[in-house]
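Could you walk me through this fold, strand by strand and then residue by residue? I would like to see how the pieces fit together.

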Amino acid sequence: MNDTLAGETLEVEALGAAGDGIARRGGRTLFLPGTLPGETVRARLVGKRGDALLAEAEAVLAPSPDRVVPPCPHFATCGGCVIQHLADAPYAAWKRAKLVEALSRAGFPDAPVGPLERTPPMTRRRADLALRRGSAAACWSASTAAAATR
């Protein structure tokens with residue numbers, strides 16, 4: 001599965017739930033990690049993801065105006081924060097839309113959802129919360145990984 005899509009270019013249409021760019025080719029969905037909506041890319045197929053195809057961008061031929069320099073120097077290698085290269089306003093809109101969609105699927109289509117609360121770059125943003133059956137108190141433990149803004 002190493003063809004380059006025959007030199008074709010792909011237009012990234014949307015961001016998927018995991019932050020991958022989504023493009024379409026011949027009626028098939030392609031997931032393109034590291035790409036953003038509005039970008040034109042040249043990619044190669046690297047595998048499958050469910051019923052869709054997984055591709056890797058070989059080149060971003062026309063970047064999105066929403067592409068920014070990621071604040072974390074480990075962005076390209078770490079993999080913990082997959083869309084640091086997306087500007088703040090579209091990131092907040094995407095994240096809020098994911099919550100609205102999840103609440104709607106769960107039967108709460110009119111749930112009020114405020115704006116996204118952001119954490120400053122290079123600060124901790126993850127926490128693990130747990131409830132124990134039979135215990136009146138919730139247990140909190142911070143994740144071991146310090147994270148950036150996303």
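## Strands, a helix and a few side chains

Q: How many bridges join S1 to S5, and in which sense do the two run?
A: Let's start with the rule: two strands pair if DSSP finds at least two bridges between them. The elements are DSSP runs numbered from the N terminus, with helices being H or I runs of at least four residues and strands E runs of at least two. One of the bridges places Leu10 opposite Val41 in S5. S1 and S5 run antiparallel, and the number of bridges joining them is 3.

Q: What should I keep in mind about this model?
A: This is a predicted model, in which local features need pLDDT of at least 70 and side-chain atom pairs count only at pLDDT 80 or more, while totals for chains, interfaces and linings use all residues. Residues are numbered from 1 along each chain as its sequence is written, and side-chain values use heavy atoms, with hydrogens and water left out.

Q: What is the order of elements along the protein chain?
A: Happily, this is a short list: the protein chain has 2 helices and 8 strands. From the N terminus on, they run β-β-β-β-β-β-α-α-β-β.

Q: What is the strand order in the open sheet of 6 strands?
A: Strand S1 (9–11) and S2 are the edge strands, each pairing on one side only. S5 and S6 run antiparallel, joined by 9 bridges, whereas S4 and strand S6 (residues 52–62) pair in the parallel sense over 2 bridges. The pairing in this open sheet is mixed, and the order is S1-S5-S6-S4-S3-S2.

Q: Which residue in the turn of the S3 and S4 hairpin has a positive phi?
A: S3 and strand S4 (residues 28–32) pair in the antiparallel sense over 5 bridges. Gly21 has Leu32 as its bridge partner in S4, and Arg25 has Arg28. The hairpin leaves 2 residues between the strands, and the turn residue with a positive phi, about 55°, is Gly26.

Q: Which residue takes a positive phi in the hairpin of S5 and S6?
A: Here is another glycine to look at. Among the bridges of these strands, Arg42 is matched with Ala59 in S6. The hairpin has 2 residues between the strands, and the one with a positive phi, near 65°, is Gly50.

Q: Is Asp20 buried or exposed?
A: Asp20 lies in the loop between strand S2 (14–15) and strand S3 (21–25). Buried means under 20% relative accessible area, exposed over 50% and partly exposed in between, using a 1.4 Å probe and protein chains only. Because its relative accessible area is 9%, Asp20 counts as buried.

Q: Which side chain does Asp20 join through a polar contact of 2.4 Å?
A: Contact means heavy atoms within 4.5 Å; leaving aside neighbours within four places in sequence, Asp20 is in contact with Ala14, Leu15, Phe31, Leu32, Pro33 and Arg49. A polar contact is stricter: a pair of N or O atoms within 3.5 Å where, within protein, one must be able to donate a hydrogen and the other to accept it, and residues adjacent in sequence count only if both atoms are side-chain atoms. The side chain that Asp20 joins at 2.4 Å is that of Arg49.

Q: Which ring does the charged end of Arg49 sit over?
A: A charge sits over a ring if NZ of Lys or CZ of Arg is within 6 Å of the ring centre and within 35 degrees of the ring normal. For Arg49 the distance to the ring centre is 4.9 Å, and the ring belongs to Phe31.

Q: What kind of aromatic pair do Tyr91 and Trp94 form?
A: A search of the whole structure finds 1 aromatic pair. Tyr91 and Trp94 lie 6.2 Å apart, centre to centre, with 45° between the planes, so the pair is tilted. Rings of Phe, Tyr and Trp (its six-membered ring) pair if their centres lie within 6.5 Å; planes under 30 degrees apart count as stacked, over 60 as edge-to-face and the rest as tilted. In one word, the pair is tilted.

Q: Where do Tyr91 and Trp94 lie?
A: Tyr91 is buried at 7% relative accessibility, and Trp94 is buried at 15%. The two are 3 residues apart, about one turn of the helix, and both lie in helix H2 (residues 88–105).
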